[in-house]
Amino acid sequence: MTSLTVTKLLHVNQLVDDFDGARAFYADVFGAREYWTGYDEAENRDASLFVIGDTCIELFAPRDRTSLLGASLARFGNSWHSFEWQVPDLEQARAALVERGVRIPTYRPGSFLMTHPGDCHGMLIELCPLEMTGDPRIEPGWSATAWRDEHPAGIAGLRAMSFAVRDVDTAEAWLSGLVGTAARGRERRPGLDAVVGTVPVAGTDVELVQPLSADGPVAAHLSRYGQRLRSIEFTVVDVKPTAAHLRSCGLRAVEGSRPGAIALAEEDNWGVRWEFAS
């Protein structure tokens, strides 16, 4: 089968119910640099694109519950939604998905497409051949080192996106075949009561996390959200000052998914889990 050629992760998408509140939060706590904001009349939602270090986050804020985004917000609350990879040829990428029987409910030729998560082990994947207009990361002389060297969070870059899955074997084989990248060895994480398979994609690890029992946090996530993005993990210079910075902002730094990692409690972070590890 044909594989996707993924050149980079463009952004990770969050659903929020308070557009201005979330924008202000990420600017205040993480020094987010917003480079675009706008309203989509067809979807009746506001959106914001901002960077923190080398990572772009897009916030979606539906204004009502009639759209697909609005229905998702009504069902799950503030939560993860999707992520976008850049590909050099959208038609070739679409053909690779169709070859695998993946449904494509949204397709705008030459612009982007979105997959059905039910065909992708819970991954709602957006593919785009374009650069994002205004993205500072493509400007000449761009550097993300200020977030590492000057900001108290000490963020050096995005290490991983982690997805809760029901069957790590089939999810890993599917993703590895789709992107043409060999999976790494398995890892057991007792704190999560889970086993993890990892497929590196364009500089970011995609972790596929299967619970080992019905009692752990990954099992709880599957029960609440189904197969879906569970967390992202940033590499930081040192987790101790990162934790101190979070606490100084009135936020809770809790135990992370890997030994030595910490996480910003979802309840303090617009419903989504951000983790940090040295």
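Select K240, R247 and S248 first: these exposed residues (over 50% relative accessible area, 1.4 Å probe, protein chains only) sit on the face of α7 turned away from its buried side. The model is predicted, with local features needing pLDDT of at least 70 and side-chain atom pairs counting only at pLDDT 80 or more, while totals for chains, interfaces and linings use all residues. Residues are numbered from 1 along each chain as its sequence is written, and side-chain values use heavy atoms, with hydrogens and water left out.

**The other face of α7**

Now select residues 239-248, which form helix α7. Helices here are DSSP runs of H or I with at least four residues, strands are runs of E with at least two, and both are numbered from the N terminus. Color V239, T242, A243, H245 and L246, which are buried (under 20% relative accessible area). Looking down the axis of α7, these buried residues fall within an arc of 160°, so they line one face of the helix; the arc is that of the directions from the helix axis to the C-beta atoms. An α-helix has 3.6 residues a turn, so residues three or four places apart point the same way.

Next, show what covers that buried side: the cover includes α1 (19-30), β13 (228-236), β14 (253-255), β15 (262-264) and β16 (273-277).

**The ends of α7**

Go to D238 at the start of α7, where one of its side-chain oxygens reaches to within 3.0 Å of the backbone nitrogen of K240. Then move past the other end to G250, which follows α7 and has a positive phi, near 80°.

**Strand β8**

Select residues 125-128, strand β8. I125 and L127 point one way, E126 and C128 point the other way, and all are buried. Add β5 (residues 79-86), which pairs with β8 in the parallel sense over four bridges; two strands pair if DSSP finds at least two bridges between them. In this pairing F83 stands opposite I125. Then add β7 (residues 112-114), paired with β8 in the antiparallel sense over two bridges. Here L113 stands opposite L127.

**The whole chain**

Zoom out to the protein chain, with its seven helices and 16 strands. Its radius of gyration, taken over C-alpha atoms, is 18 Å. This is close to the 19 Å that the globule rule (2.2 Å times the number of residues to the power 0.38) gives for 278 residues, so the chain is as compact as a globular protein of that length. The C-alpha atoms fill a box of roughly 50 × 45 × 40 Å along the principal axes. Buried residues make up 54% of the 278 residues.

Definitions and conventions: Contact means heavy atoms within 4.5 Å. A polar contact is a pair of N or O atoms within 3.5 Å; within protein, one must be able to donate a hydrogen and the other to accept it, and residues adjacent in sequence count only if both atoms are side-chain atoms.
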